[in-house]
Amino acid sequence: MTPSERIDRLIAALIDWRGQTFASIRKSIVAADPEVIEEWKWMGSPVWSRDGIIAVANAHKGKVKLTFAHGASLPDPDKLFNAGLEGNARRAIDFFEGDKVNERVLKNLVRAAVDHNQTRLKKKAPAGTRAKVHKSTRT
């Protein structure tokens, strides 16, 4: 079973409001960037990544938690983060029954996470691996 199929199965098993919320979160994340990859890690957690982990989602008894791996480094002008605010790296959004997923704002946050991951990769790349430009000798 693929990670996407496992996520489908997880959402289908959540027959209360958490399933709908989880599905809305997933829809926003995958719509934010066509190259986002769905993964299944840590004994049953949906993970979305592109050039590194973007976010992990889990359904708990009274909430759906979406944790951004580098949330503390991301701009959050709309104040989506409401959990894990004391951490040095991660930040989370706890969705409770009745909360609506603001697709536009969540997409912006996902795009910021992708940009952050790509910036980190560029900084880690050794100088010798950067693309070199060669001038053409033809006239």
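Of the 139 residues of the protein, 37% count as buried in this predicted model. The fold has 3 helices and 5 strands, and along the sequence they come in the pattern α-α-β-β-β-β-β-α. Among contacts with a separation of 6 or more, 50% are between residues 24 or more positions apart. Here is a tour, from the sheet to the core and then to some individual residues.

**The sheet**

- The 5 strands make an open sheet, ordered S1-S2-S3-S4-S5, with antiparallel pairing.
- Strand S1 (37-41) and S5 are the edge strands; each has a single partner strand, so one side of each has no neighbour in the sheet.
- From one strand to the next, the twist averages 20°.
- At one edge, S1 and strand S2 (residues 45-49) run antiparallel and are joined by 5 bridges. Within this pair, Ile37 stands opposite Ser49 in S2.
- At the other edge, S4 and S5 also pair in the antiparallel sense, over 5 bridges. Here Val64 has Phe95 of S5 as its bridge partner.
- As background, strands of a sheet pair through backbone hydrogen bonds, in either a parallel or an antiparallel way.

**An edge strand that is covered**

- S5 stands at an edge of the sheet, yet 5 of its 5 residues are buried, so the rest of the structure largely encloses this strand.
- Side chains in a regular strand alternate between the two faces of the sheet.
- In S5 both faces are covered: Arg91, Ile93 and Phe95 are buried on one side, and Ala92 and Asp94 are buried on the other.

**Helices on the sheet**

- Helix H1 lies across S1 and S2, and its direction is at about 70° to S1.
- Helix H2 packs on the sheet and touches S1, S2, S3, S4 and S5. The direction of H2 makes about 25° with that of S4.

**The nonpolar core**

- In soluble globular proteins, nonpolar side chains tend to be buried together.
- The largest nonpolar core in this model has 28 residues, and the members that touch the most others are Trp48, Ile54, Leu66, Phe68 and Ile93.
- Two or more core residues come from each of helix H1 (3-13), helix H2 (17-32), strand S3 (53-59), strand S4 (64-68), strand S5 (91-95) and helix H3 (103-124).
- H3 gives the most to this core, with 7 residues.
- Leu66 is a handy residue to click on: leaving out residues up to four places away in sequence, it touches Ile25, Ile29, Trp48, Ala55, Val56, Ala57, Arg91, Ala92, Ile93, Phe95 and Leu106.

**The cavity**

- Searching the whole structure turns up 1 cavity of 30 Å³ or more.
- The largest cavity holds about 30 Å³ of space.
- Its lining consists of Leu80, Ile93, Phe95, Val101, Asn102 and Leu106. Of these, Ile93 and Phe95 are also among the buried residues of S5, and Leu106 is one of the contacts of Leu66.

**Two buried residues of H2**

- Trp17 belongs to helix H2. Its relative accessible area is 15%, so Trp17 falls under the 20% cut-off for buried.
- Beyond its neighbours up to four places away in sequence, Trp17 touches Gly62, Lys63, Val64, Phe95, Phe96 and Glu97.
- Trp17 and Gly62 are 45 residues apart in sequence, with a C-alpha to C-alpha distance of 9.8 Å.
- Ser28 is also in helix H2, and at 1% relative accessibility it counts as buried.
- Setting aside neighbours within four places in sequence, Ser28 is in contact with Val101, Glu103, Leu106 and Lys107.

**The loop between S1 and S2**

- Trp42 is found in the loop between S1 and S2, where it has a positive phi of about 50° although it is not a glycine.
- The relative accessible area of Trp42 is 53%, so this residue is over the 50% cut-off and counts as exposed.
- Met43 lies in the loop between S1 and S2 too. Its phi is also positive, about 60°, although Met43 is not a glycine.
- With 89% relative accessibility, Met43 counts as exposed.

Definitions and conventions:
Residues numbered from 1 in each chain as written. Predicted model: local features only at pLDDT ≥ 70, side-chain atom pairs only at ≥ 80, totals over all residues. Heavy atoms only, no water. Core = buried A, V, L, I, M, F, W, Y, C linked by side-chain atoms within 4.5 Å. Buried < 20%, exposed > 50% of the residue type's maximum accessible area, 1.4 Å probe, protein only. Helix = DSSP H or I, 4+ residues; strand = E, 2+ residues; numbered from the N terminus. Contact = heavy atoms within 4.5 Å. Pairing = 2+ DSSP bridges. Axes fitted to C-alpha atoms, helices over the stretch in contact; angles between N-to-C directions. 1 Å grid on protein atoms, 1.4 Å probe; cavity = no way out; pocket = protein on both sides within 12 Å on 5 of 7 lines; lining within 4 Å. Points joined across faces, edges and corners; volume = space filled by probe spheres on them.
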